[in-house]
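Work through the exercises below with the model open. Try each task before you read its solution.

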Amino acid sequence: LPDGSAPGKRVAANASLAAPEVQAYQRAMITDLVRQYPQVNGFRFDWPEYPPYEIDSIFTDFNPAVVPVAVELGLVFTDLQAEVGRAYDYLKGHLVDQDVQRIADGVAAYPGGCAAEFINDQSELLGDWLKLKRALSDRLLRSFRAALDDAGRSDVELVAHAFPPPWSDLSGIDFSGSADVVDHFCVKLY
């Protein structure tokens, strides 16, 4: 979480999307699988994002491995961390019914119910945080595609299973930004 603590409530103990060790493990597993099972014509990856099942899950991954990606995007990580921490604290301890209604009405006012645009209009730093999450998800998907290609299997389809809008705005999946490396997106319909 932004304060450095582990989330208290979440569905899974997801690792950092930016962790080089996790990405190296995933690349090795993908490479091994396509070599051991040459008949496979596609892989579906679940959660190449920050699954928003619980509020704590939305606010995860302030791991040090994320800092270089933030810097590369021209973002000041500590500023993002502080602003996201304030938003998290507010949502966890000060949110009242009127705020929920204001947020729901605000998101609904944007074309397609775009939560990212609403959030960015509330705080540019929170908007930058969503951009960072999209970049981290995109990099992970690109590393999957590179692993398939490097194993000589550019013919293997990459399918990403992710949350639909407006939840995708919070999860970090970027359908258009990653479309050049993802063959199909499946969305969760619940």
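## Exercise 1: Arg153

The model is predicted. In it, the side chain of Arg153 makes a polar contact with the side chain of Asp155, at 3.0 Å.

Task: Place Arg153 in the fold, decide whether Arg153 is buried or exposed, and list its contacts beyond the sequence neighbours.

Solution.
1. Find the segment. Arg153 lies in the loop between α7 (124-150) and β2 (157-162).
2. Check the accessibility. The relative accessible area of Arg153 is 13%. The cut-off for buried is under 20%, so Arg153 is buried.
3. Set aside neighbours within four places in sequence. Arg153 is then in contact with Val34, Tyr37, Pro38, Val40, Arg145 and Leu148.

## Exercise 2: Backbone exceptions

Task: Where do Trp47, Asp61 and Pro166 sit, and what do their backbone angles show?

Solution.
1. Recall the background. Most residues other than glycine have a negative phi, and most peptide bonds are trans.
2. Take Trp47. Its phi is near 65°, a positive value in a residue other than glycine. Trp47 belongs to the loop between β1 (42-46) and α2 (55-58).
3. Take Asp61. Its phi is positive too, at about 80°, and Asp61 is not a glycine. The loop between α2 and α3 (67-72) holds Asp61. With a relative accessibility of 11%, Asp61 counts as buried.
4. Take Pro166. The peptide bond from Pro165 to Pro166 is cis, with omega near 0°. Pro166 is in the loop between β2 and α8 (167-171).

## Exercise 3: The whole chain

Task: Count the helices and strands, give their order, and test the protein against the compact-globule value for the radius of gyration.

Solution.
1. Count the elements. There are 8 helices and 3 strands.
2. Read along the sequence. The pattern is α-β-α-α-α-α-α-α-β-α-β.
3. Compare the radii. A compact globule of 190 residues would have a radius of gyration near 16 Å; the protein has 17 Å, so the two agree.
4. Add the box. Along the principal axes, the C-alpha atoms fill roughly 55 × 35 × 30 Å.
5. Look at burial and contacts. Of the 190 residues, 45% are buried. Among contacts with a separation of 6 or more, 74% join residues 24 or more positions apart.

## Exercise 4: Surface and charge

Task: What share of the exposed area comes from carbon and sulfur atoms, and how many side chains are positive and negative?

Solution.
1. Start with the area. The protein exposes about 10000 Å², and carbon and sulfur atoms supply 55% of it.
2. Count the charges. There are 16 positive and 28 negative side chains.
3. Locate the two sets. Their centres lie 4 Å apart.

Methods. Residues numbered from 1 in each chain as written. Predicted model: local features only at pLDDT ≥ 70, side-chain atom pairs only at ≥ 80, totals over all residues. Heavy atoms only, no water. Helix = DSSP H or I, 4+ residues; strand = E, 2+ residues; numbered from the N terminus. Buried < 20%, exposed > 50% of the residue type's maximum accessible area, 1.4 Å probe, protein only. Polar contact = N/O pair within 3.5 Å; in protein donor to acceptor, adjacent residues only side chain to side chain. Contact = heavy atoms within 4.5 Å. Rg over C-alpha atoms; globule rule 2.2 N^0.38 Å. Areas by Shrake-Rupley, 256 points an atom, 1.4 Å probe, with all protein chains shown as cover. Lys, Arg positive; Asp, Glu negative; His and termini not counted. Charge placed at Lys NZ, Arg CZ, Asp CG, Glu CD.
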